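Let's take a friendly walk through this structure, starting with charged pairs and ending at one polar side chain. Keep the viewer open as you read.

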Amino acid sequence: MADPLAGLPRGPWRRLFLDATTVEAQGGLARVFHSAAKAGNPVIKADRPWETGRALSGPYVYGTVFREGDRLRLWYQLLNQGNHVGYAESADGLTWTKPELGLIACEGSKANNLVVSAFQPEVTGGTCHNPSVIRRRDDPDPARQYTLYGYDGAAGHPRVAWSPDGLRWRYDPTTQRQPLFTSGDVVNFFHDPYEARYA
């Protein structure tokens, strides 16, 4: 496993000194907070037809971003005639591209960045509100290298989907009727390398 920001699971761990919970003693220090500088507002704009049309169309706050190699990968929520998951990439986190993936038809064209969509739920076997994506490098099944957790409004509960590349998703059919757990529509999942578990 690559060295995560906080350090390796066995330690030593890096700490961000925003509070004193991990500091036993200090001396000769002054806490100074600096104002953040905006890099753009918004960083990702609703600039595609499938991203606009409603007050909360998108790109929306819900989603997942992580680094793979030399790029950041982002899966984000779209609300426009149903729930959709868009995909974008960036080298620096400021300039994002939305590749035309050719996976899901929207208004007669597959020239879009949709990976899960209410426009064509049959492609993935469901829809997704609030996408949480996890990379699972240790899974021996090449079709399950990525996992998507999210709330499927048609099913009425959270579901799980698998993907070999983070783009082509297929929902586990057993989660259509059998919920993963009881929940509202806001669900977040992540891998905790320090406890070696998914949470």
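**Salt bridges and a polar contact**

K98 and D47 are joined through their side chains by a salt bridge, with N and O 2.7 Å apart. K98 sits in the loop between strand 4 (96-97) and strand 5 (114-117), while D47 belongs to the segment before strand 1 (60-68), so this pair ties together parts that are 51 residues apart in sequence. Please keep in mind that this is a predicted model.

How buried or exposed are the two partners? K98 has a relative accessible area of 10% and is therefore buried, because the cut-off for buried is under 20%. D47, in contrast, has a relative accessible area of 46%, which makes this residue partly exposed. The bridge thus has a buried lysine and a partly exposed aspartate.

This pair also belongs to a network of salt bridges, which links D47, R48, E51 and K98. If you would like to see the network in your viewer, select those four residues together.

How many salt bridges does a search of the whole structure find? The search finds 10. Two further examples are worth a look. One of them is formed by R73 and E68, whose closest N and O atoms are 2.8 Å apart. Here R73 counts as buried, at 2% relative accessibility, and E68 counts as buried too, at 10%. So both ends of this bridge fall under the 20% cut-off.

The other example is the salt bridge between R168 and D165, where the closest N and O atoms are 2.9 Å apart. R168 is partly exposed, with a relative accessible area of 48%. D165 counts as partly exposed as well, at 22% relative accessibility. Neither residue is under 20% or over 50%, so the term "partly exposed" applies to both.

Now let's turn from charged pairs to an asparagine. N83 lies in strand 3, which covers residues 83-90. Is N83 buried or exposed? At 18% relative accessibility, N83 counts as buried, because that value is under the 20% cut-off.

Which side chain makes a polar contact with the side chain of N83? The partner is H129, at 3.3 Å. H129 also appears among the residues that N83 touches, once residues up to four places away in sequence are left out. The others in that list are Q77, L78, S117, A118, T127 and C128. Displaying these neighbours around N83 is a good way to finish the tour.

Note on methods
Residues numbered from 1 in each chain as written. Predicted model: local features only at pLDDT ≥ 70, side-chain atom pairs only at ≥ 80, totals over all residues. Heavy atoms only, no water. Helix = DSSP H or I, 4+ residues; strand = E, 2+ residues; numbered from the N terminus. Buried < 20%, exposed > 50% of the residue type's maximum accessible area, 1.4 Å probe, protein only. Polar contact = N/O pair within 3.5 Å; in protein donor to acceptor, adjacent residues only side chain to side chain. Contact = heavy atoms within 4.5 Å.
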